[in-house]
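Work through the exercises below with the model open beside you. Try each task before you read its solution.

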Amino acid sequence: MMPRLGEKYPVDIEVISKPKAEYQTDDYFELDLPVAPAVMVGEEIVVEGENVSEHEVEATICRHLGLPEPEPEKKGILKRFLGKS
């Protein structure tokens, strides 16, 4: 998801991956960063500690860039029935 959004919008994407134990140290909490897994756009925390939809991340990027937010993808009856996003 992130590389595709990085190609679509003029933003730099930085992915930080560490062992889970490193996110639970006092040093990490002192940085005042969100609990992993998390997504931030600029200084805004989009989500922390759970998954996030591509639409939500894209809408936040658009707000950050001053662009109109994209329309949410319309779900067909099959997607609604199966609960797939």
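**Exercise 1. Count the helices and strands in the chain, and give their order.**

Solution. Start with the count: the chain has four helices and two strands. Helices here are DSSP runs of H or I with at least four residues, strands are runs of E with at least two, and both are numbered from the N terminus. Next, read along the sequence: the pattern is α-α-β-β-α-α. This is a predicted model, in which local features need pLDDT of at least 70 and side-chain atom pairs need 80 or more, while totals for chains, interfaces and linings use all residues. Residues are numbered from 1 along each chain as its sequence is written, and side-chain values use heavy atoms, without hydrogens and water.

**Exercise 2. State what share of the chain is buried, and list the residues of the largest nonpolar core.**

Solution. First, the share: of the 85 residues in the chain, 19% are buried. Buried means under 20% relative accessible area, exposed means over 50%, and partly exposed lies in between (1.4 Å probe, protein chains only). Second, the core: its ten residues are L5, Y9, V39, V41, V46, V47, V52, V57, I61 and C62. A nonpolar core is a set of buried Ala, Val, Leu, Ile, Met, Phe, Trp, Tyr and Cys residues joined through side-chain atoms within 4.5 Å. Third, the sources: strand 1, strand 2 (44-48) and helix 3 each give two or more residues to this core. Helix 3 gives the most, with three. In soluble globular proteins, nonpolar side chains tend to be buried together.

**Exercise 3. Place V46 and find its contacts.**

Solution. V46 sits in strand 2. It counts as buried because its relative accessibility is 12%. Now list its contacts (heavy atoms within 4.5 Å). Leaving out residues up to four places away in sequence, V46 touches V39, M40, V41, V52, E56 and T60. Finally, check a distance: the C-alpha atoms of V46 and A59 are 9.9 Å apart, with their positions 13 residues apart in sequence.

**Exercise 4. Is E58 buried or exposed, and which side chains does it join by polar contacts?**

Solution. E58 lies in helix 3. At 8% relative accessibility, E58 is buried. Its side chain makes a polar contact of 2.7 Å with that of K8 and one of 2.5 Å with that of Y9. A polar contact is a pair of N or O atoms within 3.5 Å; within protein, one must be able to donate a hydrogen and the other to accept it, and residues adjacent in sequence count only if both atoms are side-chain atoms. Not counting residues up to four places away in sequence, E58 touches L5, K8, Y9 and P70.

**Exercise 5. Describe the lining of the largest pocket by class and by element.**

Solution. Begin with the residues: 23 line the pocket, and E14, V15, A38, V39 and M40 are the closest to its centre. By class, the lining has 18 nonpolar, two polar and three charged residues. By element, strand 1 (38-41) and helix 3 (54-65) give two or more residues each. Strand 1 gives the most, with four.

**Exercise 6. Locate D32 and describe its phi.**

Solution. D32 is in the loop between helix 2 (26-30) and strand 1. Its phi is near 60°, a positive value in a residue other than glycine. Most residues other than glycine have a negative phi. D32 is exposed, with 69% relative accessible area.

Definitions and conventions: On a 1 Å grid over the protein atoms alone, a cavity is a set of points where a 1.4 Å probe fits but cannot get out, and a pocket is an open set with protein on both sides within 12 Å along at least five of seven lines; lining residues have an atom within 4 Å of a point. Ala, Val, Leu, Ile, Met, Phe, Trp, Tyr, Cys and Pro count as nonpolar, Asp, Glu, Lys and Arg as charged, and the others, Gly among them, as polar.
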